[in-house]
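Before this model goes further, I would ask that a few places in it be looked at again with the coordinates open. My comments are set out as numbered points, and they may be taken in any order.

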Amino acid sequence: MTHVSHLIVGAGITGLATAAFLGRQRDYLILEGDQEIGGYCKTVTRDGFTWDYSGHFFHFKHPEIEAWLRQRMPGQEIRTVNKRSFIAYAGRMIDFPFQKNIHQLPGDEFVECLHDLYFARTGDGPPAVESNFKEMLYARYGRGIAEKFLIPYNEKLYACDLATLDRDAMGRFFPHADLPSIIRNMRTPDNASYNATFTYPRGGAIQYVNALASEVPPERIALGEALVEIDLAGKTARTTKRRIHFDRLISSAPFPHLMRMTGLDHDRGAFTWNKVLVLNLGFDRKGARDVHWVYYPDRARSFYRIGYYDNIFESDRLSLYVELGLASDAAVDVDAARQRVLGDLRAAGVITDHQLVAHHAVVMNPAYVHITRDSMAEVARLRRVLAGHGVYSIGRYGAWTYCSIEDNIVEARELAATLTASP
Ligand SMILES: Cc1cc2nc3c(=O)[nH]c(=O)nc-3n(C[C@H](O)[C@H](O)[C@H](O)COP(=O)(O)OP(=O)(O)OC[C@H]3O[C@@H](n4cnc5c(N)ncnc54)[C@H](O)[C@@H]3O)c2cc1C
């Protein structure tokens with residue numbers, strides 16, 4: 001039987017970052033079920049278009065991480081862009097976030113939103129309960145804002161009843177705004193949020209993956225070899241090809257899948273998620289300029305968001321990603337979805353007589369995990385049990401959370417530091 005000190009599951013951002021920070025001198029092996037590295041950060045090129053698995057734009061809060069990556073991307077042009085994002089509402093484009101830009105709504109709807117917002121915040125009674133995500137939206141923003149944007153948009157995205165989600169299900173990714181900042185924004189716009197600027201490499205998201213992979217010898221990545229089962233007591237992994245004895249196992253596989261592989265007793269019902277069908281579409285000529293992505297709360301449109309790749313490097317043909325949120329068990333007919341999306345794009349005025357010249361589709365499953373009280377409690381409890389066996393589940397899906405690639409790198413760096421400190 002093969003023995004390895006650190007067995008890493010997944011060659012996405014998290015697995016590669018773990019290996020890179022463990023360092024070449026450590027004994028590790030990465031198992032990757034797919035034939036290619038990158039996980040959800042893969043890039044496809046087709047007919048001159050460069051597309052990611054979904055709109056992957058990057059927001060770095062840790063300058064040293066961004067610098068570390070850039071040092072490993074020689075010759076790669078990376079743009080830092082001031083984002084232009086909007087909400088398509090009532091035939092107009094409202095600046096994002098909706099709750100800070102209600103003054104851009106038609107007059108009667110502005111009054112309705114402002115009235116409901118004011119009394120939600122300053123009403124006479126006791127503070128409204130915020131025991132779940134949906135209640136939080138009503139309690140903090142009032143009925144108008146909640147029902148015109150926050151609820152329909154997030155229902156399209158998460159494909160679930162928002163009352164099942166934890167109040168903080170979106171963490172720092174939810175652009176909270178208090179009453180003074182909303183009123184102030186009517187005169188002095190300040191729509192900065194966690195992603196006021198973003199960076200993007202000309203070669204697509206995979207360039208960041210390649211930067212991490214440059215620190216990992218290719219022979220230490222076993223492509224096309226998936227983890228199937230873990231014997232926690234015996235510290236043995238069964239893969240699709242062999243058995244491997246390990247001292248530690250670091251997994252970035254989706255947490256519910258890992259749990260099934262360990263055979264540990266757990267509450268399966270605590271884990272639900274959505275999937276996202278991403279349609280990348282290339283057209284024969286340019287569309288709108290000066291826009292990077294647009295949110296669509298209108299339930300009549302099949303997509304919840306679209307993004308314009310061609311406005312990052314100002315290329316001359318419209319290049320879109322289109323995202324549709326679906327229940328994890330929903331049937332997907334990609335051709336039918338593409339036809340419906342093209343009709344919706346025409347109805348929304350995104351395309352007119354544009355000709356589709358290239359396309360690509362991918363289903364991300366899981367895409368957004370449903371963060372609930374039960375899921376958080378189960379993940380915390382089970383990760384403690386796993387750690388007692390030298391098994392660490394990290395990453396967006398390993399930790400069953402909502403985060404960015406930078407968060408993945410930070411978490412991997414911290415775990416690698418802990419592991420190398422205690423050999
Ligand atoms: C719609 C969408 C948009 C996003 N946009 C952004 C964005 O703009 N900016 C940003 O920073 N982040 C974005 N993200 C988040 C980003 O994609 C993730 O944080 C990141 O890709 C997660 O990397 P990971 O390595 O943890 O997981 P993954 O990318 O899922 O990698 C896990 C790897 O493990 C492999 N694997 C799974 N099971 C096994 C097994 N049993 N055996 C062997 N291998 C296995 C998989 O094949 C995969 O390669 C977005 C996510 C989604 C869903």
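The points below go through the ligand site, one helix, several single residues and the backbone.

1. The model is a predicted one, and the ligand is a natural place to begin. Its surroundings comprise 32 residues, of which T14, E32, H56, F57 and N408 are the closest. Backbone atoms also approach the ligand: a backbone N or O atom of F57 is 2.7 Å from a ligand oxygen, a polar backbone atom of I405 is 2.9 Å from an oxygen atom of the ligand, and a backbone N or O atom of G55 is 3.2 Å from a ligand nitrogen. The ligand taken alone would expose 1,000 Å², and the protein buries 89% of that area. Two or more residues of the surrounding shell come from each of α1 (13-22), β2 (28-32) and α10 (405-421).

2. S54 should be examined together with its contacts, since the residue is placed in the loop between β4 (49-52) and α2. With a relative accessible area of 5%, which is under the 20% cut-off, S54 counts as buried. Once residues up to four places away in sequence are set aside, S54 touches V278, Y309, E323 and M364.

3. How many of the eight residues of α6 are buried? Seven of them are, and therefore the helix is largely enclosed by the rest of the structure. The buried residues of α6 are I206, Q207, Y208, V209, A211, L212 and A213. They pack against the helices α1, α2 (63-71) and α10, and also against the strands β3 (43-46), β5 and β8 (197-201).

4. R220, in the loop that runs from α6 (206-213) to β9 (221-223), deserves a careful look. Although R220 is buried, it has no salt bridge, and the nearest side chain of opposite charge, that of E219, is 5.5 Å away. This distance of 5.5 Å does not meet the 4 Å cut-off for a salt bridge. Apart from neighbours within four places in sequence, R220 is in contact with R24, R26, Y28, L29 and I30, and I would ask that these contacts be inspected along with the side chain itself.

5. R79 offers another arginine to examine, this one located in strand β5 (residues 78-82). Is R79 buried, partly exposed or exposed? Its relative accessible area is 25%, and so R79 counts as partly exposed. The side chain of R79 makes a polar contact with the side chain of E77 at 3.4 Å. Leaving out neighbours within four places in sequence, the contacts of R79 are with F198, T199 and Y200 and with I312, F313 and E314.

6. Two pairs of residues show how separation along the chain and separation in space can be set side by side. R79 and F119 are 40 residues apart along the chain, and their C-alpha atoms are separated by 43 Å. G388 and L232 are 156 residues apart along the chain, whereas 9.6 Å separates their C-alpha atoms. G388 itself lies in helix α9 (residues 373-388) and counts as exposed, at 67% relative accessibility.

7. The backbone has features that I would check one by one, because most residues other than glycine have a negative phi, and most peptide bonds are trans. Where are the cis peptide bonds to be inspected? One runs from F96 to P97, with omega near 0°, and P97 sits in the loop between β7 (92-95) and α3 (107-122). Another cis peptide bond joins N365 and P366, with omega about 5°, and P366 is in the loop between β17 (356-364) and α9.

8. Positive phi values should be checked in the same manner. A159, a residue other than glycine, has a positive phi near 50° and lies in the loop between α4 (133-158) and α5 (179-185); at 30% relative accessibility, A159 counts as partly exposed. D290 likewise is not a glycine and has a positive phi, near 60°. The loop that holds D290 is the one between β13 (274-283) and β14 (293-295), and with a relative accessible area of 49%, D290 is partly exposed.

Key: Residues are numbered from 1 along each chain as its sequence is written. This is a predicted model: local features need pLDDT of at least 70, side-chain atom pairs count only at pLDDT 80 or more; totals for chains, interfaces and linings use all residues. Side-chain values use heavy atoms; hydrogens and water are left out. Helices (H or I, at least four residues) and strands (E, at least two) are DSSP runs, numbered from the N terminus. Buried means under 20% relative accessible area, exposed over 50%, partly exposed in between (1.4 Å probe, protein chains only). Lys and Arg count as positive and Asp and Glu as negative; His and the chain ends are not counted. Contact means heavy atoms within 4.5 Å. A residue is near a molecule or strand if one of its heavy atoms lies within 4 Å of it. A polar contact is a pair of N or O atoms within 3.5 Å; within protein, one must be able to donate a hydrogen and the other to accept it, and residues adjacent in sequence count only if both atoms are side-chain atoms. Accessible areas come from the Shrake-Rupley method with a 1.4 Å probe; for residues, only the protein chains shown count as cover.
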